[in-house]
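The following report describes one protein chain, moving from its overall make-up to selected residues and their surroundings. Please read it alongside the sequence and the model.

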Amino acid sequence: MTRTVSMMHSLPPNLKRITHFAFASLFGTAAHYAVLITLVEWAHRTPTEGTAVGFVVGALVNYLLARRWAFPETQSRHREALIKFLLVAASGWGLNTGLIFLATAVAHFPYLAAQVAVTATLFFWHYAANRLWTFRR
């Protein structure tokens, strides 16, 4: 564990930042998937409903961790960063929900496989938008 932490500190700044963002995203994604699976499997909601709610929960987790760990220099601009983050998240929410609807309700793909593909795609959108706009120095 100590070696991993040491390696993280020696990474170039941009690689370190995207690595931290990826770890923050993992926690946000875990929260998103937990809500999605719970709503689909136990509450008998559609994958579109489950991902819509799960995305919001995951986005909140991701924001708190990204602001603290991946983009700490923006601590003093919390209100401004939160508004921008929510706008980026809203666009991601629309893309996520729409793509899951198309994949599951129209194309009849299994919802978890579809969600994994959509999550992987949207990771790059969220990182770029948050790096270049939300948490810009």
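## Loops, helices and a pocket

With a relative accessibility of 62%, His108 counts as exposed, because this value lies over 50%. His108 is found in the loop between α4 and α5, and its phi is positive, at about 60°, although the residue is not a glycine. A second histidine, His44, is placed in the loop between α2 and α3, where its phi is near 55°, again a positive value in a residue other than glycine. His44 counts as exposed too, with a relative accessibility of 65%.

These loops belong to a predicted model, in which the mean pLDDT of the chain is 87 and 89% of the residues reach 70 or more. Confidence varies along the chain: among its elements, helix α4 (residues 78-106) has the highest mean pLDDT, 92, whereas helix α1 (residues 2-9) has the lowest, 55. Where pLDDT is low, predicted coordinates should not be read in detail.

The secondary structure consists of 5 helices and 0 strands, and from the N terminus on the elements therefore run α-α-α-α-α. Of the 137 residues in the chain, 37% are buried. Among contacts with a separation of 6 or more, 72% are between residues 24 or more positions apart. The chain exposes about 8,100 Å², of which carbon and sulfur atoms supply 73%.

### Residues inside the helices

What does Gly28 touch, once residues up to four places away in sequence are not counted? Gly28, placed in helix α2, touches Gly58, Val61 and Asn62 on that basis. At 4% relative accessibility, Gly28 counts as buried, because the value is under 20%. The C-alpha atom of Gly28 is separated by 9.7 Å from that of Ala66, a residue 38 positions away along the chain.

Ile100, which is found in helix α4, counts as buried at 1% relative accessibility. Not counting residues up to four places away in sequence, Ile100 touches Pro47, Thr48, Thr51, Ala105, Ala114, Gln115 and Val118. Pro110 lies 10 residues from Ile100 in sequence, and the two C-alpha atoms are 9.9 Å apart in space.

His126 lies in helix α5 (residues 111-134) and, in contrast to the exposed His44 and His108, counts as buried, at 12% relative accessibility. Leaving aside neighbours within four places in sequence, His126 is in contact with Phe21, Phe55, Val88, Ala89 and Gly92.

### The largest pocket

His126 also takes part in the lining of the largest pocket, where it is one of the residues that lie nearest the centre, together with Ser25, Thr29, Asn62 and Thr119. The complete lining comprises 21 residues, and the volume of the pocket is about 330 Å³. Helices α2 (13-42), α3 (47-70), α4 and α5 each supply at least two residues of this lining. Asn62 links this description to the one above, being both among the residues nearest the centre of the pocket and a contact of Gly28.

### Salt bridges

How many salt bridges does a search of the whole structure find? The search finds 2, and they are set out below with the separation of the closest nitrogen and oxygen atoms and the relative accessibility of each partner.

| Pair | N to O distance | Relative accessibility |
|---|---|---|
| Arg45 and Glu49 | 3.0 Å | Arg45 42%, Glu49 33% |
| Glu80 and Lys84 | 3.2 Å | Glu80 37%, Lys84 14% |

In the salt bridge between Arg45 and Glu49, Arg45 is partly exposed, with a relative accessible area of 42%, and Glu49 is likewise partly exposed, at 33%. In the other pair, Glu80 and Lys84 both lie in helix α4, where they are 4 residues apart, about one turn of the helix. Their side chains meet in a salt bridge, but the two partners fall into separate accessibility classes: Glu80 counts as partly exposed because its 37% lies between the cut-offs of 20% and 50%, whereas Lys84 counts as buried because its 14% is under 20%.

Definitions and conventions:
Residues are numbered from 1 along each chain as its sequence is written. This is a predicted model: local features need pLDDT of at least 70, side-chain atom pairs count only at pLDDT 80 or more; totals for chains, interfaces and linings use all residues. Side-chain values use heavy atoms; hydrogens and water are left out. pLDDT is the predictor's confidence in each residue, from 0 to 100. Buried means under 20% relative accessible area, exposed over 50%, partly exposed in between (1.4 Å probe, protein chains only). Contact means heavy atoms within 4.5 Å. A salt bridge is a side-chain nitrogen of Lys or Arg within 4 Å of a carboxyl oxygen of Asp or Glu. Accessible areas come from the Shrake-Rupley method with a 1.4 Å probe; for residues, only the protein chains shown count as cover. On a 1 Å grid over the protein atoms alone, a cavity is a set of points where a 1.4 Å probe fits but cannot get out, and a pocket is an open set with protein on both sides within 12 Å along at least five of seven lines; lining residues have an atom within 4 Å of a point. Grid points are joined across faces, edges and corners, and a volume is the space filled by probe spheres set on the points.
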